[in-house]
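Here is a note for a colleague opening this structure for the first time. Please read the points with the model in view.

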Amino acid sequence: MEKFKQLNLSEELLDAIRREGFDTPSEIQEKTIPLVLQGKDVIGSSATGSGKTLAFGAGIIDKTMPGQGIQALILTPTRELAEQVGQTISKFANRKRLRVTQVYGGVSMDPQIKAMRQADIVVGTPGRLLDHLKRRTLNLSRIKFLVLDEADRMLDMGFVRDVENIIKSCPANKQTLLFTATLSQDIAYMAKKYMKNPVHIEAGDKVDPSKLYQVYYDVTHETKLSLLAHLLKQEKNGVVMVFCNTRRNTDKLTRNLGLVGLHAESLHGGHSQNRRSSVLQAFHTRSTLILVCTDVAARGLDIKDVSHIYNYDIPKTGEEYIHRIGRTARAGKNGIAISFVSSGDHTEFRQIVRRVDSNIEKQPLPEFEKIQMPSKSSNQDSGHNITHGDRNRNESRFGQHKRFGGNFRGSRNDRDHGKRRDSRTNRDTRSMGGRRFGNRH
Ligand code: ADP
Ligand code: MG
């Protein structure tokens, strides 16, 4: 605990940290906690799983007083993260008797309204927070800290304008903290426009190459399922995550794995909140060892000891690949990342290899049993029978409609996604040149 003690945290907080079993601060914690306590705006970037929650949480907890209105607002991209971050902060804030409230869509407003009246710290998703602002059920006049957590993801998901509106509703003399796994143009834009002389701390390597073994298989669409089933049957012990690019592929693959005797659960934004919580619970308690998921659903979730990650569908970008492999080889453990590259993936895959700048070894295809699925279209589980635009849209539409309800917001978000899709496929970038992106390079 020596290093934690040197950070000038309160006894109450140190006690909570001790009870949590933490002995030494992680690098990002050690470097950013003092800056937060000094009142600086901070951009903290470090890999998923490196302890960013406490990195921003510690200073906030120690500078927030119970019963003086909402003093800290933490924005997260998804409901799961709002829950996870809220619970973590709550644990550490317990001794100081601070009240932490989670606010996200898909559940009723009234309990949130009641809880926010008592809250000292609010953790929430941008859409629902804006709804509360519009209804004047959220008072931000006492805000001292605004946190953008998982900022890369939040902006990727098309929340730029929502986040900007929230920032503008906060008092000017607040401290802004931005935490992220990766840096991007959007983040640079937000930092420049809304942060005061931010100190940028980048901690740790994104991937420990010595601990992570990356391989790929050259495989046809039709045999992807058979190969996956074969590999999963070989690796019985580990907890694995299998990434797909669309909700439909996620569900279909989960079903098909079940048909060949491999119990898997799927996690994506189309599922109800309850269903998603119970899937996560099953994974945490190891009653499920195979989680089939989309990127957005998996982003930032603290799932421990993942031994293998499979790219059943090749991710769209190098960044996404890095996020996916960041799920394994954590906390000094070894991990394996396995990509299935089939025809049509090669260009994307080459870009990924260039972006990650590390060796991804080609594996010879093993002997495996070819599974015949009683499926209407054998092409559907590949993700390649749809265009990139559709893939982006499917992915980034994660939860937005259901979460926010209401046609107005739904259609506006759709427009946002439309823009982003165009920007990625270079089809029409004119719509990017508006106010939001005007001063980007
Ligand atoms: P990130 O936001 O960077 O992805 P989290 O804040 O979710 O990371 O933390 C990831 C995991 O690491 C959590 O299970 C958390 O309990 C654990 N953790 C965080 N800080 C420490 C620490 N100083 N010592 C040990 N474990 C820690
Ligand atoms: Mg996090």
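**Notes on the helix pair and the two sheets**

1. Start with one helix pair. Helix α7 (residues 126-134) and helix α9 (residues 160-169) have axes that come within 9 Å and cross at roughly 45°. That angle makes α7 oblique to α9. The crossing of α7 and α9 is left-handed. Keep in mind that this is a predicted model.

2. Which residues make the contact of these helices? On α7 they are Pro 126, Gly 127, Leu 129, Leu 130 and Leu 133. On α9 they are Asp 162, Val 163, Asn 165, Ile 166 and Ser 169. By class, the contact of α7 with α9 holds 6 nonpolar residues, 3 polar and 1 charged. An α-helix has 3.6 residues a turn, so residues three or four places apart point the same way.

3. Now look at burial in α7. Its buried residues are Pro 126, Gly 127, Arg 128, Leu 129 and Leu 130. Leu 129 and Leu 130 are buried and also belong to the contact with α9. Just after α7, Arg 136 has a positive phi of about 55°.

4. α7 also meets a sheet. The helix lies across β2 (72-75), β3 and β4 (121-124). Against β3, α7 runs at about 100°.

5. Next, that sheet as a whole. It is open, has 7 strands and pairs them in parallel. The order is β3-β4-β2-β5-β6-β1-β7. Why do β3 (100-103) and β7 (199-203) each have one side without a neighbour in the sheet? Both stand at the edges, each with a single partner strand, so one side of each is left free of a neighbour there. Neighbouring strands of this sheet are turned by 15° against each other on average, direction ignored.

6. Take the β7 edge. Strand β1 (residues 42-46) runs parallel to β7, and 5 bridges join them. One detail to find by eye: Ile 43 has His 200 in β7 as its bridge partner. Helix α10 (residues 185-194) packs on this sheet and touches β1 and β6 (175-180). The direction of α10 makes about 170° with that of β6.

7. There is another open sheet of 7 strands, again with parallel pairing. Its order is β10-β11-β9-β12-β13-β8-β14. The edge strands are β10 (264-267) and β14 (361-363), and each pairs on one side only. Here neighbouring strands are turned by 25° against each other on average, direction ignored.

8. At the β10 edge, how many bridges join β10 to strand β11 (residues 290-293)? There are 4, and the two strands run parallel. Leu 267 stands opposite Cys 293 in β11. Helix α13 (residues 273-284) packs on the sheet here, touching β10 and β11. Its direction makes about 135° with that of β10.

9. A further helix packs on this sheet. Helix α15 (residues 318-325) touches β8 (212-218), β9 (239-243), β12 (306-311) and β13 (335-341). The direction of α15 makes about 155° with that of β12.

10. Last, the whole chain. The protein chain has 19 helices and 14 strands. Of its 441 residues, 46% are buried. Consider contacts between residues at least 6 apart in sequence: 76% of them join residues at least 24 apart.

Note on methods
Residues numbered from 1 in each chain as written. Chains lettered and ligands numbered in written order. Predicted model: local features only at pLDDT ≥ 70, side-chain atom pairs only at ≥ 80, totals over all residues. Axes fitted to C-alpha atoms, helices over the stretch in contact; angles between N-to-C directions. Parallel < 35°, antiparallel > 145°, perpendicular 65-115°, else oblique. Left-handed = near helix turned anticlockwise from the far one by under 90°. Contact = placed C-beta atoms within 7 Å. Nonpolar A, V, L, I, M, F, W, Y, C, P; charged D, E, K, R; others polar. Buried ≥ 20, exposed ≤ 12 C-beta atoms within 10 Å, placed from the backbone. Pairing = 2+ DSSP bridges.
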